[in-house]
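Please study the structure shown here together with its sequence. The briefing that follows describes a pocket, a sheet and the nonpolar cores.

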Amino acid sequence: MKAVLLGTTAGGGFPQWNCACALCVRARSGSLPSRSQDCLAISGNGTDWWLVNASPDIRAQIAGCSFLNPGPGPRDTPLRGALFTDAELDHTLGLLTLRGGAGLTVWAPGTVLHALRDQFDLRTVIDGYAPVAWREVDADFDLGGLRVTAIPISGKRPKYARSSTVDGYWVVAYRFLDPVTGGVLVYAPCLASWPAGFDEVVAQADCVLLDGTFYAASEMGSATGSSSGQAAMGHLPITASLPELRRFPDVRRIYTHLNNTNPVLDPSSPESLKLREAGVEVPLDGTVIEL
């Protein structure tokens, strides 16, 4: 199994286009590396690749990843489709860029498929260009040499689907098992809490990519000087999840989906030092993981 962190930040990227917080100013000056919006590419056989979420930055992300280069035919591509963890715009709008692709499949929870058809109507738009095969995720399914398990995380809906009457889990994490090597990777970029049973998920993994959106619960308000509404965004802060991760020192632990206000974007910050002392990583875009 091979995975590539195509992007590692939350919606808006880093620096965020409309933000002049201290971190974004430093990113614009070049003193901190810019990052694109969260997206993962994964393959179990080195030939067939899948996106986990499709960020609005997907064109540049694909162009910057040699594993996803087209060929050998003029319209051949190793990209087979995408898996969505949720229905957030930051995680699904990249599909519009892929509208010229043929034979793509999208896997997502039933709630997400509903939202993209009845609330946002992305499915109708995409199918008007090149029909996509839409598949509802079951608990377990096979995907190009990988065994995939969808793990329900929360019922947090995107803003545009607040009026939906569909109940159920709106956010999932994915567990990828390579049956040849036995390697296990867990991808959970949106974690509203530490759910029941998640200890076992982490303990049985070789690598966990976890929601690191915010470092602290009041971070956005402190960084921007205004009321942020951060608590309603459905992201467990690092101050709450790091004590949990400390209990699994034998697992490779990585934070992703970092908000532009998160101090761990600065590797010299005290917050970054705490993560390094705990053996937890905050890698850059383009990092490759092999299991």
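On a 1 Å grid over the protein atoms alone, a pocket is an open set of points where a 1.4 Å probe fits, with protein on both sides within 12 Å along at least five of seven lines; its lining residues have an atom within 4 Å of a point. Points are joined across faces, edges and corners, and the volume is the space filled by probe spheres set on them. The model is predicted, so local features need pLDDT of at least 70 and side-chain atom pairs pLDDT 80 or more, while totals for chains, interfaces and linings use all residues. Residues are numbered from 1 along each chain as its sequence is written, and side-chain values use heavy atoms, without hydrogens and water.

**Pocket**
- The second largest pocket holds about 470 Å³ of space.
- Among its 17 lining residues, Pro-70, Arg-75, Thr-77, Leu-98 and Gly-101 are the closest to its centre.
- Helix H2 (residues 58-63) contributes the most to this lining, three residues; helices (H or I, at least four residues) and strands (E, at least two) are DSSP runs numbered from the N terminus.

**Sheet**
- Seven strands make an open, mixed sheet in the order E6-E5-E4-E3-E2-E1-E14, where pairing requires at least two DSSP bridges between two strands.
- Strands E6 (133-136) and E14 (288-290) are at the edges with a single partner strand each, so one side of each has no neighbour in the sheet.
- Strands E2 (residues 39-43) and E3 (residues 49-52) pair in the antiparallel sense over three bridges, and Ala-41 stands opposite Leu-51 in E3.

**Cores**
- A nonpolar core joins buried (under 20% relative accessible area, 1.4 Å probe, protein chains only) Ala, Val, Leu, Ile, Met, Phe, Trp, Tyr and Cys residues through side-chain atoms within 4.5 Å.
- The largest has 67 residues, and Leu-6, Leu-51, Phe-84, Trp-194, Phe-198, Leu-210 and Tyr-255 touch the most other members.
- Another core, of 24 residues, lies apart from it and includes Leu-5, Val-52, Trp-107 and Val-137.

Definitions and conventions:
Buried means under 20% relative accessible area, exposed over 50%, partly exposed in between (1.4 Å probe, protein chains only).
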